[in-house]
Number of protein chains: 2
Amino acid sequence: MAIRPPTLEETTAAENSNARISEYESACVAGGQGEAIRDVLNHIGNKWTLLIVRALSVGVRLRFTQLQRHIPGISQRMLTVTLRHLERDGLVRRTLHAEVPPRVEYELTDIGTTLIEPARALGSWATESYLSVLASRERFDATLAGGPNHST
Amino acid sequence: MAIRPPTLEETTAAENSNARISEYESACVAGGQGEAIRDVLNHIGNKWTLLIVRALSVGVRLRFTQLQRHIPGISQRMLTVTLRHLERDGLVRRTLHAEVPPRVEYELTDIGTTLIEPARALGSWATESYLSVLASRERFDATLAGGPNHST
DNA sequence: CGGTATCCGCTTAGATACTG
DNA sequence: CAGTATCTAAGCGGATACCG
């Protein structure tokens, strides 16, 4: 795919002749990246998915209870649900060993492994920008303390 | 930060001596990246944020209505709400021109600009993996059609 | 051990109507 | 033009209890 953001000129042109839509834009909407991005974000944007991926990203298979220890605060239910979603999407492989007591192990699939890099990039960004974001929020909230009208 | 995933040996060691927690793990939980990641994901993981960032990533200031045209399907309300969040977090700058009719322009801040790369990485991953994910879902749903018990 | 089932509250997002 | 206000439905996530 050779999709790239439009240049300034293209953007301006698209704005002026309101009817035309650039390749970039059409790629961002329903048929193209928009749907994929939104669909993917609906899954990896939830509370636990990236944390599970990070836990599995070391490349070793982990059992249910091990995962739970790796992700403090997650409930049994949410761990099950999130793992199920990841398995359904083909990002995580679940292996049930028919023993007593049962043993279930989880690992990233090949596709799941390709998520590690983007996820780490995002995680790094989050870590590096977090202080700045927190500071900005404080400033914003302090400024708006008086009026409900944003621009007053 | 010199945080890196633990090696296999470290992980195994951590599992065995259940009490110890590796640097990587502690960085992933509440005090460290976990909070930042979750907080950030709560914002950028919603339905529209990344689409807005992408629209603004071309580096040109866009007006409210222009943004709305760039992101088909977004409602006035959701555009307002999402932009407000981005502004509060210091990722987007809002400029109100005191004219009649009013003109408001939005652009990425410096920090907002640093989000472009991770966002694009994630977007690319989404686009490239989407077909595979969809296929996996179909397989998963077809296999489970019979029984509610996952492992049966 | 590794789940499932149920209930319930909170947040998100869409539709609609109104405004400086 | 660029919002705000209100209402509502759906989804996400937590707590608890029970099961193979």
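**DNA strand C.** I began with what the protein touches on DNA strand C in this predicted model. Of the strand's atoms within 4 Å of the protein, 60% are sugar or phosphate, and the rest belong to bases. I then listed the residues around DNA strand C and got 20. The closest are T65(A), R94(A), Y106(A), K47(B) and R77(B).

**Polar contacts.** I looked up individual atom pairs next. The side chain of K47(B) places an N or O atom 2.2 Å from a phosphate oxygen of DNA strand C. For R63(A), a side-chain N or O atom is 2.9 Å from a phosphate oxygen of that strand. Q76(A) goes to a base instead: a polar side-chain atom lies 2.9 Å from a base nitrogen. I noted which elements give two or more residues to this surface: helix 5, helix 6 and strand 3 of chain A, together with helix 6 of chain B. Helix 6 of chain A gives the largest share, four residues.

**Helix 6 of chain A.** I checked its length. Its 13 residues, 76-88, should span 18 Å at 1.5 Å a residue, and the end C-alpha atoms are 18 Å apart, so the two agree. Its buried residues are L79(A), T82(A), L83(A), L86(A) and E87(A). They cover an arc of only 140° around the axis, so they sit on the same side of the helix. They pack against helix 4, helix 5, strand 2 and strand 3 of chain A, and against helix 8 of chain B. Just after the helix, G90(A) has a positive phi of about 80°.

**Confidence.** I finished with pLDDT. Chain A has a mean of 79, with 72% of its residues at 70 or more. Strand 3 of chain A is highest at 98, and helix 1 is lowest at a mean of 39. Residues 1-31 of chain A fall below 50.

Key
Residues numbered from 1 in each chain as written. Chains lettered and ligands numbered in written order. Heavy atoms only, no water. Expected span 1.5 Å × (residues − 1). Buried < 20%, exposed > 50% of the residue type's maximum accessible area, 1.4 Å probe, protein only. Arc of directions from axis to C-beta. Contact = heavy atoms within 4.5 Å. pLDDT = per-residue confidence, 0-100. Near = heavy atom within 4 Å. Polar contact = N/O pair within 3.5 Å; in protein donor to acceptor, adjacent residues only side chain to side chain.
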